[in-house]
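Biologist: I am new to this structure and would like a close look at one helix, with its partners and its setting. Please explain each term as it comes up.

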Amino acid sequence: MDAIQEQYSTPRNLDIRISIHEKYSVNRQPFGDWIMEHYEIAPGSRILELGCGTGSMWKGRLDALENGSRLTLTDFSQGMLERAKQNTAGCGLVDYLVVDIQDIPYEAASFDMVIANMMLYHVPDLPRGLSEVRRVLRPGGKFYCATYGEHGIMEFVNDSLRELGIHGKIGRSFTLQNGAAVLGEFFEEVRRDIREDGLAVTRVEDFVDYVLSMPALTGVTDVGRDTLCQAFWQRTIDGILYVPKEYGMFICK
């Protein structure tokens, strides 16, 4: 948990990761738009987002709240929450609070929607966190949680850098492969939607920056940038590095 808090104490690493997807995703629909099109925001909804990060998913999309709804953005990092305030500045329909999903400081049945995108695999006690999510959801409320699969970017990085002795752990506590079973212990209905996508990277140095932002990679800081660039250049086709992506979302009720 301390390592996660250090990694996300400032938005820098997250900014690097978001940037690589914005610049090189094959699916040109912005990830935020894809996420947002799943949300069913009824008039007057009270919405809680856990692990909101920089709040970038809501930047330019806050008109979805103009039907009388109210959004509470939370993260366990004060640094992330400060950036989220900047990205959603000027909207009087948003509240902010430092929150740990394992101990949500709201009464039972407080929210019509709860969101936890790309963060459940970080939660030390996931059953406790999901129990808290269910507790604060109103009857008939929905829980939205995007995550990654086990055969995407990290698997590609491991394959590319194995000969250099570099290996990253693929967190499997909550993935597209096992997420339905995990969520099924807490919710009556669980649906999964897969996003078709990949990366087509034309500047390998950008992907190296992405890799260096991933602290889970053992030994990566012991290898020079030039060596990392060469390893990925060997995998390019006509100057393009094709990287598989595996992302999707679970919608629970």
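Modeller: Helices and strands here are DSSP runs, numbered from the N terminus, where a helix is a run of H or I with at least four residues and a strand is a run of E with at least two. This is a predicted model, in which local features need pLDDT of at least 70, side-chain atom pairs count only at pLDDT 80 or more, and totals for chains, interfaces and linings use all residues. Residues are numbered from 1 along each chain as its sequence is written, and side-chain values use heavy atoms, with hydrogens and water left out.

By that assignment the protein has nine helices and eleven strands, and the part I will look at closely is helix H2, which covers residues 12–24. The expected span of a helix is 1.5 Å times one less than its number of residues, so the 13 residues of H2 should span 18 Å, and the 19 Å between its end C-alpha atoms agrees with that.

To describe how H2 is placed, I call a residue buried under 20% relative accessible area, exposed over 50%, and partly exposed in between, using a 1.4 Å probe and protein chains only. The buried residues of H2 are Asn13, Leu14, Arg17, Ile20, His21 and Tyr24. Viewed down the axis of H2, these buried residues fall within an arc of 135°, so they line one face of the helix; the arc is that of the directions from the helix axis to the C-beta atoms. An α-helix has 3.6 residues a turn, so residues three or four places apart point the same way. On the other side of H2, Arg12 and Glu22 are exposed.

One residue of this helix leads to another part of the chain through a salt bridge, meaning a side-chain nitrogen of Lys or Arg within 4 Å of a carboxyl oxygen of Asp or Glu. Lys23 pairs in this way with Asp206, and their closest N and O atoms are 2.7 Å apart. The pair links distant parts of the chain, since Lys23 is in helix H2 and Asp206 is in helix H8 (residues 204–212), 183 residues apart. Lys23 is partly exposed at a relative accessible area of 46%, whereas Asp206, at 12%, counts as buried.

Asp206 also has a salt bridge with Arg203, with closest N and O atoms 2.6 Å apart, and Arg203 is partly exposed at 42% relative accessible area. Through shared partners, Lys23, Arg203 and Asp206 are joined into one network.

For comparison with the rest of the chain, a search of the whole structure finds 15 salt bridges. Another of them is formed by Arg61 and Asp33, whose side chains meet at 2.7 Å from N to O. Arg61 lies in the loop between strand S1 (46–49) and strand S2 (70–75) and Asp33 in helix H3 (residues 31–36), so this pair ties together parts that are 28 residues apart in sequence. Arg61 counts as buried at 17% relative accessibility, while Asp33, at 32%, is partly exposed.

Another helix may be set beside H2. Helix H6 (residues 153–161) has seven of its nine residues buried, so H6 is largely enclosed by the rest of the structure. These are Ile153, Met154, Phe156, Val157, Asn158, Ser160 and Leu161. In helix H7 (residues 179–184), Gly184 is partly exposed at 41% relative accessibility, and its C-alpha atom is separated by 8.7 Å from that of Cys252, although the two are 68 residues apart along the chain.

The setting as a whole can be described with a few totals. Of the 253 residues in the protein, 49% are buried. The radius of gyration, taken over C-alpha atoms, is compared with a globule rule of 2.2 Å times the number of residues to the power 0.38; a compact globule with 253 residues would have a value near 18 Å, and the 19 Å of the protein agrees. Along its principal axes the C-alpha trace spans about 55 × 40 × 30 Å. A contact means heavy atoms within 4.5 Å, and of the contacts with a separation of 6 or more, 78% come from residues 24 or more positions apart.
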